[in-house]
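Colleague: I have a model to go through and would like to take it in small steps. Please start with the words we need.

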Amino acid sequence: MSPISMILVIFVAFLAGIESVCDEFQFHQPLVACTLIGLVTGNLEAGIVLGGSLQMIALGWANIGAAIAPDAALASVASAIILVLGGQGVAGVSTAIAVAIPLAVAGLFLTMIVRTLSVACVHRMDAAAVNADIRGVEMWHIIAIVMQGLRIAIPAAALLVIPAATVQGFLESMPAWLTDGMAIGGGMVVAVGYALVINMMATKEVWPFFVIGFCVAAISDLTLIALGAIAVSLALIYLKLSEGGGSTGNGGGGNVGDPLDEILNDY
């Protein structure tokens, strides 16, 4: 990997760390982070495939109360770097996904350290605010944000120091039963993550669309662009029906709510 590519990868990792708390441009999402790393390293296809696969897992990750979700930013960046250094291209995506899961859990430790240190920054900002020191508040805010970026950038730089031959040799030395098992486990985790999302979104209004999409996706001749066009068309039809309102059981009209809800209630 060239020095320029290494600098760009560290920069992407830094942005992913910042976005893990800001959520402004979503650089920490696997689809974005892996794609950017694949782009700057000349492995765009493998980065997109890895990011899309990890994104299906990360859809089921969410901070609930005091429980912090696995670190998607570290998992995305580290697994993408391992994929690039391994030199296996798209064929190594399954292994990279399997490595990403424990990395995401390990990232919780770094998150805990940085958030503990950020408490001191908050106290400094409070003290500056008492003295009406706006510049001081901004400075400590920036310091806290930079710490979040370094949380991902430093591990990324450490991975880049490892010779590519070492990573490739390690991946090739893994026995078939282990790589196959990790590939199967990674696929199961994707299914569980998607199931968690469906469980949160599942209502009687959206189930018909899910069933239609599930059946249409089985048609191998349709590309992702075609599936996206069908999804947009269904969404527009639904919005049009919602604006016009559904028909009531006694033949009356008017905007009486969700049309699908009324149809399902009739049965």
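Modeller: A residue is called buried under 20% relative accessible area, exposed over 50% and partly exposed in between, using a 1.4 Å probe and protein chains only. This is a predicted model, in which local features need pLDDT (the predictor's confidence in each residue, from 0 to 100) of at least 70, side-chain atom pairs count only at pLDDT 80 or more, and totals for chains, interfaces and linings use all residues. Residues are numbered from 1 along each chain as its sequence is written, and side-chain values use heavy atoms, without hydrogens and water.

Colleague: Is alanine 132 buried or exposed?

Modeller: Alanine 132 is found in the loop between H5 and H6, where H marks a helix: helices (H or I, at least four residues) and strands (E, at least two) are DSSP runs, numbered from the N terminus. Its phi is positive, about 60°, although alanine 132 is not a glycine. The relative accessible area of alanine 132 is 59%, so the residue is exposed.

Colleague: What is the relative accessible area of glutamine 26?

Modeller: Glutamine 26 sits in the loop between H1 and H2. Phi is positive here too, near 65°, in a residue other than glycine. Glutamine 26 counts as partly exposed, because its relative accessible area is 28%.

Colleague: How many helices are there in the chain?

Modeller: From the N terminus on, the elements run α-α-α-α-α-α-α-α-α-α-α. The chain has 0 strands, and its count of helices is 11.

Colleague: In which helix is the confidence lowest?

Modeller: Over the chain, the mean pLDDT is 78, and 78% of the residues reach 70 or more. Residues 247-256 stay under 50, and the model has 14 contacts (heavy atoms within 4.5 Å) for them beyond four places in sequence. Where pLDDT is low, the predicted coordinates should not be read in detail. Confidence is highest in helix H2 (residues 30-40), at a mean of 90, and lowest, at 57, in helix H11.

Colleague: Which helix gives the most residues to the largest nonpolar core?

Modeller: A nonpolar core is a set of buried Ala, Val, Leu, Ile, Met, Phe, Trp, Tyr and Cys residues joined through side-chain atoms within 4.5 Å. The largest one has 26 residues, and those with the most contacts inside it are Leu50, Leu54, Val77 and Ile81. Helices H1 (3-22), H2, H3 (44-58), H4 (72-86), H5 (93-130) and H6 (134-161) each supply at least two residues of this core. The most, 8 residues, come from H4.

Colleague: What arc do the buried residues of H3 cover around the axis?

Modeller: H3 has 15 residues and reaches 20 Å from its first C-alpha to its last, close to the expected 21 Å (1.5 Å times one less than the number of residues). The buried residues of H3 are Ala46, Gly47, Leu50, Gly51, Leu54, Gln55, Ile57 and Ala58. They are on the same side of H3, because the arc they cover, taken from the directions from the helix axis to the C-beta atoms, is only 160°.

Colleague: What is the angle between the ring planes of tryptophan 207 and phenylalanine 210?

Modeller: Rings of Phe, Tyr and Trp (its six-membered ring) pair if their centres lie within 6.5 Å; planes under 30 degrees apart count as stacked, over 60 as edge-to-face and the rest as tilted. The structure holds 4 aromatic pairs. Tryptophan 207 and phenylalanine 210 both lie in helix H9 (residues 207-216), 3 residues apart, about one turn of the helix. This pair is edge-to-face, with centres 5.2 Å apart and planes at 85°.

Colleague: Why does the pair of phenylalanine 209 and tyrosine 238 tie together parts that are apart in sequence, and by how many residues?

Modeller: Phenylalanine 209 is partly exposed at 27% relative accessibility, and tyrosine 238 is partly exposed at 22%. Their ring centres are 5.6 Å apart and the planes stand at 85°, so this pair is edge-to-face. Phenylalanine 209 lies in H9 and tyrosine 238 in helix H10 (residues 224-244), so the parts tied together are apart in sequence by 29 residues.

Colleague: What distance separates the C-alpha atoms of glycine 181 and alanine 98?

Modeller: Glycine 181 is found in helix H8 (residues 176-201) and is partly exposed, with a relative accessible area of 36%. Alanine 98 is 83 residues away along the chain, and the two C-alpha atoms are separated by 9.1 Å.
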